[in-house]
Amino acid sequence: MSNPVFFTSTGSLDAMTPGRIFVLEGAEARHAVTVKRLAPGEAVDIVDGAGTRMAGRVVSAAPSGLEVECGSLTVEDRPDVRLVLVQALAKGDRDELAIETATELGVDAVVPWQSERSIVRWKGDRAARAHAKWESTVAAAAKQARRAWIPEVRAAVDTTGLATAVNAADLAVILHEDAVRPLRTVLEAWQGSAGTGSREILLIVGPEGGISPREVTKLCDKGAVTALLGHHVLRSSTAGPAAVVLASDILGRWTTTGL
């Protein structure tokens, strides 16, 4: 079984070497001691959310601070091809379910999309609270999945903003029930023609009512392509995670990164 994971601030593990003691403080320490009931001698991983992972053993445990002796320190590189889920805002917390599951499956970033047909609206103070909730959701999911990276929650976009992001992406795929080519075909064709180095793929999922024809046209004019996930129509909360699984397999992300 893998070690339980607790988060610390980015960069705080950089100076750690085997044998040194790291003190985990704050809410994560209280959770480790009062909820997980970690005791001296137990194995634990401390990660900084930006790829650095320290494996060690608990030396002492108190709600005020968990002392962990460093056993090893590793840095997990980002995949060469990053997957970004553009998730349309959806009612009933289906958008949050989508990003939670996608995070557990290895997505690298998520983008809240205020599409034309989204019933949910992020405005004013609600927008800030909703964005913070998305950040909390992906952090908790990354912790559950024992990930060293916490996916970035990017700023919310409307369709005009998304069109700009599509234009800048290496590949942007709209998951659409009326598409002709399967997602596998689209990804394999792109993989065969793409260069090397860091690249980014946008996987775009619409809301409950689907993506409007006007939006599809606007995004495709900026370079997006449509793709079919399967023979059945998937919920807004299901399509993104399903696409992340298929893309990760085709692109070899799970075999090369361990996600």
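Let's start at Ser115, which sits in the loop that links strand 7 (109-114) to helix 3 (124-144); helices (H or I, at least four residues) and strands (E, at least two) are DSSP runs, numbered from the N terminus. This is a predicted model, where local features need pLDDT of at least 70, side-chain atom pairs count only at pLDDT 80 or more, and totals for chains, interfaces and linings use all residues. Residues are numbered from 1 along each chain as its sequence is written, and side-chain values use heavy atoms, with hydrogens and water left out.

Ser115 counts as buried because its relative accessibility is 1%; buried means under 20% relative accessible area, exposed over 50%, partly exposed in between (1.4 Å probe, protein chains only). Setting aside residues up to four places away in sequence, Ser115 touches Ala88, Arg121, Thr159, Pro207 and Glu215, where contact means heavy atoms within 4.5 Å.

On to the cores. A nonpolar core here is a set of buried Ala, Val, Leu, Ile, Met, Phe, Trp, Tyr and Cys residues joined through side-chain atoms within 4.5 Å. The largest one has 32 residues, and Val110, Val173, Leu183 and Ile201 touch the most other members. Elements giving two or more residues to this core include strand 6 (81-88), helix 2 (94-105), strand 10 (171-175) and helix 7 (236-250). Helix 7 is the top contributor, with 6 residues. A second, separate core has 19 residues, among them Val157, Ile174, Leu202 and Ile211. Val173, leaving out neighbours within four places in sequence, is in contact with Leu183, Val186, Leu202, Leu203, Ile204, Val225 and Ala227.

Two loop residues have backbone angles worth a look. Most residues other than glycine have a negative phi, but these have a positive one.

| Residue | Phi | Loop between | Relative accessible area |
|---|---|---|---|
| Asp93 | near 60° | strand 6 and helix 2 | 45%, partly exposed |
| Arg146 | near 60° | helix 3 and strand 8 (152-153) | 27%, partly exposed |

Zooming out, the protein has 8 helices and 12 strands. Its C-alpha trace spans about 60 × 45 × 30 Å along the principal axes. Of the 259 residues, 46% count as buried. Among contacts with a separation of 6 or more, 75% come from residues 24 or more positions apart.
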